[in-house]
Amino acid sequence: MPAASALAMLRAASDGGYAVGAFNVTGLPQMQAVVEAAVQRRSPLIIQTSVSPSRSVGPGLFTAMYRCLAREAPVPICLHLDHCTDVGWCITCADAGYTNLMIDASREPLPENIRQTRAVCDYAHAAGDVTVEGELGTVAGAEDQAAVVGDAVRLCDPESAVEFVQASGVDLLAPAIGTAHGVYVTPDPEIDFDRLARIRTALAAHGLATPLVIHGGTGLPARTVRRLIELGGAKFNVSTELKHVLIDTTRRYVEEHPSEYDPGRIDRAVKEATTAAVMGWMDLLGCSGRA
Ligand SMILES: [Zn+2]
């Protein structure tokens with residue numbers, strides 16, 4: 001299929017009571033694996049790259065791989081830039097063919113967050129069907145090279161969310177509600193479900209149907225994921241889990257085959273494990289069979 005609009009994909013998810021998984025990849029084997037999962041599950045898909053791999057691989061090469069795989073796939077697939085704190089790099093990636101961008105100015109005061117998010121939205125929306133995600137409040141933990149800990153963690157205020165969406169024109173909102181990047185230190189992390197419900201209600205009261213994005217999907221209990229979807233979570237980001245699958249599978253394969261020197265077999269093992277993990281997420285999110 002040709003490049004898909006994330007906004008349309010996520011509005012359909014919100015209306016249908018399911019969510020779409022957004023899976024971070026660092027290279028081709030992982031990208032092939034998440035696409036394979038979407039094809040097997042007949043699921044819409046958002047592929048994400050963090051900023052570091054987008055800089056090391058290059059946005060042109062990532063978008064070329066994406067376009068080639070997406071064109072052949074019978075399901076809609078987007079390519080999203082995750083947690084970019086640089087307006088200029090967002091624009092570079094939009095020009096290269098990313099279909100969605102996250103401008104993360106969440107550590108700035110609200111007026112500056114609005115200004116930077118507005119700048120990316122103005123460019124992306126003028127450039128065509130490019131969807132923009134913004135963040136309000138700060139999600140705890142480490143993402144790429146950024147770490148948010150202790151007093152720097154701020155949850156999203158519902159009234160500020162309305163102001164942020166209206167003033168910036170952002171398409172997707174990632175509100176900080178207590179989820180975290182990395183590995184949760186507890187098996188049942190404390191999530192502010194009520195806050196998510198109040199954010200959705202406040203937006204709706206102003207006629208805004210902005211799809212909501214849940215960061216820090218890795219390690220959330222299934223019942224927590226289901227509840228977050230009921231309350232409006234339409235896009236779930238899963239990054240840490242796929243890093244662990246890649247590294248753990250590679251380590252195990254090398255340990256079990258100490259005399260083998262065939263990188264293709266390691267890639268195959270990583271792809272199979274990644275596809276299985278992603279299909280599990282698609283079933284949990286309810287997006288299996290929706291494409
Ligand atoms: Zn995130």
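Contact, on this tour, means heavy atoms within 4.5 Å of each other. Keep that in mind as you explore, and remember that the model on your screen is predicted.

**Stop 1: L101**

Select L101 and show what surrounds it. Leaving aside neighbours within four places in sequence, L101 is in contact with H80, L81, C90, C93, A94, V120, A124, V130, T131, V132 and E133. Some of these will come back at the next stops.

**Stop 2: strand 4 and its neighbours**

Now widen the selection to strand 4, residues 100-103. Which way do its side chains point? N100 and M102 go one way, L101 and I103 go the other way, and all of them are buried.

Add strand 3, residues 77-84. Strand 3 and strand 4 pair in the parallel sense over three bridges, and L81 has L101 as its bridge partner in strand 4. To see how the chain gets from strand 3 to strand 4, follow it through helix 5 (residues 87-96): this β-α-β crossover is right-handed.

On to strand 5, residues 131-136, which pairs with strand 4 in the parallel sense over four bridges. Look for N100, which stands opposite T131 in strand 5. With helix 6 (residues 110-127) included, strand 4 and strand 5 make a right-handed β-α-β unit.

**Stop 3: strand 2**

Go back along the chain and select strand 2, residues 45-49. How many of its five residues are buried? Five of the five are. Turn the view to check both faces: L45, I47 and T49 lie on one side, I46 and Q48 on the other.

What does strand 2 pair with? Five bridges join it to strand 3, and the two run parallel. Here L45 has I77 in strand 3 as its bridge partner. Strand 2 also pairs in the parallel sense with strand 1 (residues 20-24), over three bridges, and N24 stands opposite Q48 in strand 2. Between strand 1 and strand 2 the chain passes through helix 2 (residues 28-41), making a right-handed β-α-β crossover.

**Stop 4: the largest nonpolar core**

Next, highlight I47, L101 and F236 together. What do they share? Of the 85 residues in the largest nonpolar core, these three touch the most other members. Then colour helix 11 (residues 263-285), which gives the most to this core, with six residues.

**Stop 5: helix 8**

Select helix 8, residues 193-205, and try your viewer's distance tool on its end C-alpha atoms: they are 18 Å apart. Why does that agree with expectation? At 1.5 Å a residue, the 13 residues of helix 8 should span 18 Å, because the expected span is 1.5 Å times one less than the number of residues.

Show the side chains of F193, R195, L196, I199, A202 and L203, which are buried. The buried residues of helix 8 pack against helix 7 (158-168), strand 8 (172-175), strand 9, helix 9 and strand 10 (233-238). Just beyond, helix 8 is followed by G207, whose phi is positive, near 75°.

**Last stop: the zinc ion**

Finish by selecting the zinc ion. Which residues coordinate it? H83 and H181 do so through NE2 and H215 through ND1, at 1.9 to 2.0 Å. Along the chain, these donors follow the spacing H-x97-H-x33-H. H83 and H215 link distant parts of the chain, 132 residues apart: H83 is in strand 3, while H215 is in the loop between strand 9 (212-214) and helix 9 (222-230). Are H83 and H215 buried or exposed? Both are buried.

Key: Residues are numbered from 1 along each chain as its sequence is written. This is a predicted model: local features need pLDDT of at least 70, side-chain atom pairs count only at pLDDT 80 or more; totals for chains, interfaces and linings use all residues. Side-chain values use heavy atoms; hydrogens and water are left out. Donors are N, O and S atoms within 2.8 Å of the metal (3.2 Å for Na, K and Ca); water is not among the atoms, so sites may look incomplete. Buried means under 20% relative accessible area, exposed over 50%, partly exposed in between (1.4 Å probe, protein chains only). Two strands pair if DSSP finds at least two bridges between them. A crossover is right-handed if, with the strands pointing away from the viewer, the path from the first strand over the helix to the second runs clockwise. A nonpolar core is a set of buried Ala, Val, Leu, Ile, Met, Phe, Trp, Tyr and Cys residues joined through side-chain atoms within 4.5 Å.
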